[in-house]
Amino acid sequence: IEIGCVELVNRRLTGETFHQYINPQRAIDAGAMEVHGITNESLADKPVFADIAEDFLRFIEGAELIIHN
């Protein structure tokens with residue numbers, strides 16, 4: 001439901017970022033909402049992943065990724 005990225009070069013922030021909320025096209029689990037506070041209503045008008053995938057892949061192209069959930 002959310003992708004957030006920062007670019008690091010030589011372990012230093014470059015200022016380049018990517019952030020997008022995503023409509024998951026299904027209801028968010030109540031327990032998850034308690035943790036992150038993101039509601040179904042707040043995502044209703046957000047794009048689906050397919051609509052932002054190209055931009056996201058362009059941002060991470062050639063990058064070494066460190067992923068956190």
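This passage describes the nonpolar core, surface contacts, salt bridges and loop residues of a predicted model.

The largest nonpolar core consists of seven residues, namely Ile3, Cys5, Phe18, Ile22, Ile52, Phe56 and Ile60. At least two of these residues come from strand 1, and at least two from helix 3, which spans residues 49-60. Helix 3 supplies the largest share, with three residues. Within this core, Cys5 provides an example of the contacts made across the sequence. Apart from its neighbours within four places in sequence, Cys5 touches Glu16, Thr17, Phe18, Phe56 and Phe59. Two of these partners, Phe18 and Phe56, are themselves listed among the core residues.

Strand 1 covers residues 2-9 and includes Glu7. Glu7 has a relative accessible area of 32% and is therefore partly exposed, as this value falls between the limits of 20% for buried and 50% for exposed residues. When neighbours within four places in sequence are set aside, the residues in contact with Glu7 are Arg12, Leu13, Thr14, Glu16 and Phe59. With one of them, Thr14, the contact is polar and runs from side chain to side chain at 2.6 Å. Ser42, by comparison, lies 35 residues from Glu7 in sequence, and the two C-alpha atoms are 27 Å apart in space.

Leu13, another contact partner of Glu7, belongs to strand 2, which comprises residues 12-21. Its relative accessibility is 63%, and Leu13 is accordingly classed as exposed. Together with Val6 and Leu8, Leu13 makes a nonpolar surface patch of about 320 Å².

The model contains three salt bridges. One links Lys46 to Asp45, with the closest N and O atoms 3.1 Å apart. The two partners fall into separate exposure classes: Lys46 is partly exposed at a relative accessible area of 27%, whereas Asp45 is exposed at 63%.

The other pairs involve Arg58 in helix 3. The side chain of Arg58 meets that of Glu54 in a salt bridge with an N to O distance of 2.8 Å. A salt bridge is also formed between the side chains of Arg58 and Asp55, with an N to O distance of 2.9 Å. The spacing along the helix accounts for the placement of both pairs: Arg58 and Glu54 are four residues apart in helix 3 and so are separated by about one helical turn, and Arg58 and Asp55, three residues apart in helix 3, are likewise separated by about one helical turn. Through shared partners, the salt bridges join Glu54, Asp55 and Arg58 into one network. Arg58 has a relative accessibility of 47% and counts as partly exposed. Asp55 is also partly exposed, at 40% relative accessible area, while Glu54 is exposed at 58% relative accessibility.

The loop between strand 2 and helix 1, the latter formed by residues 30-36, contains Asn23. Asn23 has a relative accessibility of 18%, and because the limit for burial is 20%, Asn23 counts as buried. A polar atom of the Asn23 side chain lies 3.4 Å from the backbone oxygen of Leu43. Leaving out neighbours within four places in sequence, Asn23 is in contact with Leu43, Ala44, Lys46, Pro47 and Val48. Among these contacts is Lys46, the residue that also forms the salt bridge with Asp45.

Gln25 is located in the loop between strand 2 and helix 1, the loop that also holds Asn23. In contrast to the buried Asn23, Gln25 is exposed, with a relative accessibility of 64%. The phi angle of Gln25 is near 60 degrees, which is a positive value in a residue other than glycine. A positive phi, near 55 degrees, is also found at Asn10, again a residue other than glycine. Asn10 is placed in the loop between strand 1 and strand 2 and is exposed, with a relative accessible area of 72%. Such values stand out because most residues other than glycine have a negative phi.

How values were computed: Residues are numbered from 1 along each chain as its sequence is written. This is a predicted model: local features need pLDDT of at least 70, side-chain atom pairs count only at pLDDT 80 or more; totals for chains, interfaces and linings use all residues. Side-chain values use heavy atoms; hydrogens and water are left out. Buried means under 20% relative accessible area, exposed over 50%, partly exposed in between (1.4 Å probe, protein chains only). Contact means heavy atoms within 4.5 Å. A polar contact is a pair of N or O atoms within 3.5 Å; within protein, one must be able to donate a hydrogen and the other to accept it, and residues adjacent in sequence count only if both atoms are side-chain atoms. A nonpolar core is a set of buried Ala, Val, Leu, Ile, Met, Phe, Trp, Tyr and Cys residues joined through side-chain atoms within 4.5 Å. Patches are made of residues with over 30% relative accessible area and no salt bridge: like charges are joined within 9 Å, nonpolar side chains (Val, Leu, Ile, Met, Phe, Trp, Tyr) within 5 Å. Accessible areas come from the Shrake-Rupley method with a 1.4 Å probe; for residues, only the protein chains shown count as cover. A salt bridge is a side-chain nitrogen of Lys or Arg within 4 Å of a carboxyl oxygen of Asp or Glu.
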